Amino acid sequence: MISVMPVPRADRAAADESATAWALAARGGDPDAADHFVRALHGDVLRYVTYLSGDPQTAHDLTQDTFARAFGSLHRYEGRASARTWLLSIARRAVADSLRRAAVRPRIADTVDWRTAVEGAQPRGLPGFEDGIALLGLLETLPDERREAFLLTQVVGLSYEEAAGFAGCPVGTVRSRVSRARATLERVLREAEAVSAPAG
């Protein structure tokens with residue numbers, strides 16, 4: 001069973017309100033508000049770009065690129081959408097641009113496997129590390145639209161309505177994509193458990 005739970009909606013609503021207020025204050029030139037804005041949403045952006053790109057090696061660069069783009073266009077942000085939703089739309093474009101650039105770049109054959117490198121570089125014994133690596137691998141089995149719907153609602157914690165607005169599709173479509181993503185992930189997990197179970 002997938003155990004990634006979104007932040008409780010009441011807590012997330014308060015956090016979104018604060019982040020949006022900080023973004024608007026940062027637009028007005030308040031450096032402390034800019035710092036609070038980054039701290040409040042950095043983790044969400046990092047998780048989102050990591051899972052969406054499937055490449056933890058470039059996730060920090062993509063996160064940095066997202067915030068650089070956000071601050072470059074902050075003067076146009078008016079708070080009509082939450083700062084989180086606005087920032088995730090920028091992150092989505094940053095990932096898409098990165099994937100387009102990578103597609104035209106020649107690949108080097110002897111590169112180190114990124115998953116092995118990340119696993120080796122991370123400290124062991126931290127709660128959730130192994131689960132995070134496992135979830136990343138599982139999410140790669142999903143079609144892009146289902147993976148994004150699952151990420152937005154189950155990892156980042158957007159409501160289905162917010163995710164629908166973000167993805168530009170009806171709420172029912174998001175619900176269907178999340179449901180199908182869950183079914184696929186649970187099936188893959190059951191199959192993996194059956195393979196690893198000792199013969200009786």
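Which helix supplies the largest share of the lining of the largest cavity? In this predicted model, that share comes from α7, with 4 residues. Helix α7 spans residues 144-156, and 10 of its 13 residues are buried. Helix α7 is also among the elements that give two or more residues to the largest nonpolar core.

**Helix α7**

- Helix α7 bends by about 25° at Phe 150.
- The helix is mostly covered; its buried residues include Arg 147 and Glu 148, along with Phe 150, the site of the bend.
- The run from Arg 147 through Val 156 is buried, with Thr 153 and Gln 154 among its members.
- After α7 comes Gly 157, which has a positive phi, near 95°.

**The cavity**

- Searching the whole structure for cavities of 30 Å³ or more gives 1.
- The largest cavity holds about 40 Å³ of space.
- Its lining consists of Glu 145, Glu 148, Ala 149, Leu 152, Ala 163, Ala 167, Val 174 and Arg 177.
- Helices α7, α8 and α9 each contribute at least two residues to the lining of the largest cavity.
- By type, the lining residues are 5 nonpolar and 3 charged, with no polar ones.
- Three of the names in this lining, Glu 148, Ala 149 and Leu 152, are also among the buried residues of α7.

**The nonpolar core**

- The largest nonpolar core has 43 residues, and Phe 37, Tyr 48 and Leu 88 have the most contacts inside it.
- Two or more core residues come from each of α1 (9-27), α2 (31-53), α3 (56-72), α4 (83-104), α6 (129-139), α7, α8 (160-167) and α9 (171-196).
- Helix α2 gives the largest share of this core, 9 residues.
- In soluble globular proteins, nonpolar side chains tend to be buried together.

**Leu 88 and Asp 44**

- Apart from neighbours within four places in sequence, Leu 88 is in contact with Asp 44, Val 45, Tyr 48, Leu 152, Val 156, Leu 158 and Phe 166.
- Among these partners, Leu 152 and Val 156 are buried residues of α7, and Leu 152 also lines the largest cavity.
- Asp 44, another partner of Leu 88, lies in helix α2.
- Asp 44 counts as buried because its relative accessible area is 9%, and the cut-off is under 20%.
- With neighbours within four places in sequence left aside, the contacts of Asp 44 are Arg 84, Leu 88 and Val 156.
- Val 156 is therefore a contact of Leu 88 and of Asp 44, where contact means heavy atoms within 4.5 Å.

How values were computed
Residues are numbered from 1 along each chain as its sequence is written. This is a predicted model: local features need pLDDT of at least 70, side-chain atom pairs count only at pLDDT 80 or more; totals for chains, interfaces and linings use all residues. Side-chain values use heavy atoms; hydrogens and water are left out. The bend at a residue is the angle between axes fitted to the seven residues ending there and the seven starting there. Buried means under 20% relative accessible area, exposed over 50%, partly exposed in between (1.4 Å probe, protein chains only). A nonpolar core is a set of buried Ala, Val, Leu, Ile, Met, Phe, Trp, Tyr and Cys residues joined through side-chain atoms within 4.5 Å. On a 1 Å grid over the protein atoms alone, a cavity is a set of points where a 1.4 Å probe fits but cannot get out, and a pocket is an open set with protein on both sides within 12 Å along at least five of seven lines; lining residues have an atom within 4 Å of a point. Grid points are joined across faces, edges and corners, and a volume is the space filled by probe spheres set on the points. Ala, Val, Leu, Ile, Met, Phe, Trp, Tyr, Cys and Pro count as nonpolar, Asp, Glu, Lys and Arg as charged, and the others, Gly among them, as polar.
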